Amino acid sequence: SSLFQLKNLKYITIQNNLGKNWSLPANVQVGDDTQLERLLLVRNSFAGIIPPWISKLKQLQTLDLSMNNFQGAIPEAIGDLSSVKYLNLLGNNLTGALPSSLGMLPVIEVLILGNNALQGELPASIGNLRTLQLLDVGSNELTSTIPSSFANLESLKYLVLESNKFNGTVDALEPMKNLTILLTRSNSFSGALPDGLFSGTSDNVVVDIGDNKFTGELPTSFANMSNLVSLFGAKNSFADN
C-alpha cells in the first residue's frame, strides 16, 4: 500500500503477470498532494473488489484495470475521479448496477465497461458526459432502454451496446452528430432506425445492428452515404426497400 502513498509518483504500470493471485489493499491513506496520473494494472490476476480509495487519486487521468478478476460492484465513489479521461474495466467479473456517479466524470473521453456481468439500466446521468467519445458496455446483462439523455452526448463517436438485453428504440442516437461506429448486435431493440442517424459525420461509418427486432425500412439516407463502409443488419424484421 505504501506504493500509492509516494506523493511524487506519476505512473504505475503492472501488466501481464498471470498465475499469482493479486489484490489491491483494502485501505490506503491517499494524501491531497498525490500526483499519480496513470494507473495501469492490465492482464494480471487481480481479484477482490475495486477499493473505493482509488477515487481519492484526484490527479488520475488514466485508470486501466482491464483483463483481471475484479469482482463486486463498481464503487459509487468512482464518480469522484474528476481528472480521469480514460477508464477501462473491460474483462473482469464485475456485477451489480452501473453507478449513477459515472455521469459525474467531467472530462471523461473513453469509458470501457464491457465483458463483465453488470446488470440493470444505463444510468441517465451518462448523458451528462459531453466530452465522452467512446462508450463500451458490450457483453454484459444490462436491460431497459437507451435513456433519452443520450441525445446530449455530442462528442460520442463509438457506441458499443452489443450482447446485452436492451430493448426499445434507438431514437436517442439520432442527434449524435459525431457517431461513426454503432454496435448493437444481439439485443431486443425495436422500431425503425431514425432517418437522421449518422447524418452529421463525414468519417467512415460502421454499423452492426444484427439480431435485434428492428422493423420498417432502412433510412433512405443510407443509400447516399459514401462513408458507410460496413452495414450488418441480419436477423431483424426490416421491410424490403
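What follows is a short chat about a predicted model of one protein chain.

Colleague: What am I looking at, an experimental structure or a predicted one?
Modeller: This is a predicted model.

Colleague: OK. How many helices and strands does the chain have?
Modeller: There are 18 strands and zero helices.

Colleague: And how does the radius of gyration compare with the globule rule?
Modeller: The radius of gyration is 19 Å, and the globule rule gives 18 Å for 241 residues. Those values are close, so the chain is as compact as a globular protein of that length.

Colleague: What does the C-alpha trace span along its principal axes?
Modeller: About 65 × 30 × 30 Å.

Colleague: How much of the chain is buried?
Modeller: Of the 241 residues, 45% count as buried. As for the surface, the chain exposes about 10,900 Å², and 46% of that comes from carbon and sulfur atoms.

Colleague: What about charges, how far apart are the mean positions of the positive and negative ones?
Modeller: They are 9 Å apart, with 15 positive and 20 negative charges in the chain.

Colleague: Back to the strands. Which ones form the open sheet?
Modeller: Six strands do, in the order 8-10-12-14-16-18, and their pairing is parallel.

Colleague: Which strands stand at the edges?
Modeller: Strand 8, residues 119-120, and strand 18, residues 237-238. Each has a single partner strand, so one side of each is left without a neighbour in the sheet.

Colleague: Pick a pair inside that order. How many bridges join strand 14 and strand 16?
Modeller: Two bridges, in the parallel sense, between strand 14 at residues 188-191 and strand 16 at residues 213-216.

Colleague: What stands opposite Gly191 there?
Modeller: Phe214, in strand 16.

Colleague: Let's do single residues. Where is Leu94, and is it buried or exposed?
Modeller: Leu94 is in strand 6, residues 93-94. Its relative accessibility is 0%, under the 20% cut-off, so Leu94 counts as buried.

Colleague: What is Leu94 in contact with, leaving aside neighbours within four places in sequence?
Modeller: Its contacts include Ile50, Phe70, Ile74 and Leu89. Asn116, Ala117 and Leu118 are also among them.

Colleague: And how far is Leu94 from Asn140?
Modeller: Their C-alpha atoms are 9.4 Å apart in space, while the two residues are 46 apart in sequence.

Colleague: Is that sort of sequence separation reflected in the chain's contacts? What share join residues at least 24 apart?
Modeller: The share is 52%, counted among contacts between residues at least 6 apart in sequence.

Colleague: Now Asp80. Where is it found?
Modeller: Asp80 is in the loop between strand 4, residues 69-72, and strand 5, residues 86-88. With 36% relative accessibility, Asp80 counts as partly exposed.

Colleague: Which residues does Asp80 touch beyond four places in sequence?
Modeller: Asp80 is in contact with Ser55 and Lys58. Lys58 is 22 residues away along the chain, and the C-alpha atoms of that pair are separated by 7.7 Å.

Colleague: Last topic, backbone angles. What is phi for Arg43 and for Met67?
Modeller: Arg43 has a positive phi of about 55°, although it is not a glycine. Met67 has a positive phi too, near 60°, and is likewise a residue other than glycine.

Colleague: Where do Arg43 and Met67 lie?
Modeller: Arg43 is in strand 2, residues 38-48. Met67 lies in the loop between strand 3, residues 62-64, and strand 4.

Colleague: How accessible are they?
Modeller: Arg43 is at 40% relative accessibility and counts as partly exposed. Met67, at 31%, also counts as partly exposed.

Technical notes:
Residues numbered from 1 in each chain as written. Predicted model: local features only at pLDDT ≥ 70, side-chain atom pairs only at ≥ 80, totals over all residues. Heavy atoms only, no water. Helix = DSSP H or I, 4+ residues; strand = E, 2+ residues; numbered from the N terminus. Rg over C-alpha atoms; globule rule 2.2 N^0.38 Å. Buried < 20%, exposed > 50% of the residue type's maximum accessible area, 1.4 Å probe, protein only. Contact = heavy atoms within 4.5 Å. Areas by Shrake-Rupley, 256 points an atom, 1.4 Å probe, with all protein chains shown as cover. Lys, Arg positive; Asp, Glu negative; His and termini not counted. Charge placed at Lys NZ, Arg CZ, Asp CG, Glu CD. Pairing = 2+ DSSP bridges.
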